[in-house]
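Trainee: Could you take me through the side-chain pairings here, slowly and one at a time? I would like to understand what each one joins and where its partners sit.

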Amino acid sequence: MKCNTTILASGFIIASAFLNVSCVNGNRDDKQNDSTVVTSSTSGAAKSDFPYDLANPVKYNMPNNLFEISGIVFRNGDPKEIFAIQDEDGDLFHLALGDKESKFTKFGGKGDYEDVTIIKNYFIVLKSNGELHTFPVAELGKPEAANVTKTKDLVPKAEYEGLAADEKNSMIYVLTKDSKPDSKAKASSIYGFKVANDASLTAAGEFSLSHKAIEKASGSSKSRFRPSALAKNPKTNEWYILSSVNKLLVITDADFKVKATHALDPDLFNQPEGIAFDRDNNLYISNEGGNLSAGNVLMFKLKK
């Protein structure tokens, strides 16, 4: 979209402000799917030994049907195609980063879907109430997936937003966003499950992410930690845990003991709700759209 206007000197400031807003809206409509290198300063977000520059991503705007993008994942770490969900419809989307349109397969009805992972050639999708929807990867490409298994009452009643697979150990992990017991304990609960070849699940451990340890590492206790996504770094075996509410990235060891935290710049991270790594260990974080921006995926290249 081209924006042309004649600005009188006396009205320069007001007209310029209006013009800038108009151009932003136009860019969302016309150039929504271009990748962009974004440069911004992020206070406290990048320490010298941290392998990603969280202030300088490559940005991929999402199509309109992924305005409310939530969880993301790659299959076998292949960055040529990203799989995503959004938190209103039971649709699994897939596209190449930079595509102007996405394809999707329906797996469920209306609902609050929060995260997605792949393991044993199955997709597993998490609802906010802890319910899991599981179906074979072979169903991808069909208008509607068959053989969808719904698993209820697997985890205690709570609000959930995070789901991740550890394929090397045939495990998945379900991360609690909020619950009364967690609030009292000042911790976030994580539930581990062993995954069989038919995608059946067996409880295999419970973990606790200490909010006090997060406060100590971040130097802030302004608000209660409420995580929105997690992914395991395949190179270091560390967990990267994301919080949209707190605009924070938490790094833990394999047993969820806090090692470091990194603040996220709100100007870059509108509503970060998905996180993934590709096979080259590049980091990806998805954000829901805002008033003047599309949903996006930010890619952070591994420092060499």
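Mentor: Happy to; we will go through the salt bridges, then two polar contacts, and finish at the start of a helix.

Two notes before we begin. This is a predicted model, in which local features need pLDDT of at least 70 and side-chain atom pairs count only at pLDDT 80 or more, while totals for chains, interfaces and linings use all residues. Residues are numbered from 1 along each chain as its sequence is written, and side-chain values use heavy atoms, with hydrogens and water left out.

Let's start with salt bridges (a side-chain nitrogen of Lys or Arg within 4 Å of a carboxyl oxygen of Asp or Glu). There are eleven of them by this rule. Take Asp78 and Arg279, where the closest N and O atoms are 3.8 Å apart. Asp78 sits in the loop between strand 3 (69-74) and strand 4 (82-86), and Arg279 in the loop between strand 19 (272-277) and strand 20 (283-287), so this pair ties together parts that are 201 residues apart in sequence. Strands here are DSSP runs of E, at least two residues long, and helices are runs of H or I with at least four, numbered from the N terminus.

How open are these two residues? We call a residue buried under 20% relative accessible area, exposed over 50% and partly exposed in between (1.4 Å probe, protein chains only). Asp78 has 24%, so Asp78 is partly exposed, whereas Arg279 is exposed because its value is 54%.

Next, look at Lys110 and Asp89, whose side chains meet at 2.7 Å, N to O. Lys110 is in the loop between strand 6 (103-108) and strand 7 (113-119), Asp89 is in the loop between strand 4 and strand 5 (90-95), and 21 residues separate the two. Lys110 counts as exposed because its relative accessible area is 69%; Asp89, at 17%, is buried.

Now find Lys232 and Asp166, a salt bridge with 2.9 Å between the closest N and O atoms. This one links strand 15 (residues 229-232) to strand 11 (residues 159-166), with its partners 66 residues apart. Both Lys232 and Asp166 are buried. Elsewhere, salt bridges join Glu159, Glu161, Lys177, Asp178, Arg224 and Arg226 into a network.

Polar contacts are a second kind of pairing: N or O atoms within 3.5 Å, where within protein one must be able to donate a hydrogen and the other to accept it, and residues adjacent in sequence count only if both atoms are side-chain atoms. The side chain of Glu131 has one with that of His133, at 2.7 Å. Glu131 lies in the loop between strand 8 (122-127) and strand 9 (132-136), and Glu131 is buried because its relative accessibility is 9%. Another polar contact joins the side chains of His94 and Glu81, at 2.8 Å. His94 belongs to strand 5 and is buried, also at 9%.

Finally, visit helix 3 (residues 211-218), where Ser210 caps the N-terminal end with a side-chain oxygen 3.3 Å from the backbone nitrogen of Lys212. After helix 3 comes Gly219, with a positive phi near 75°.
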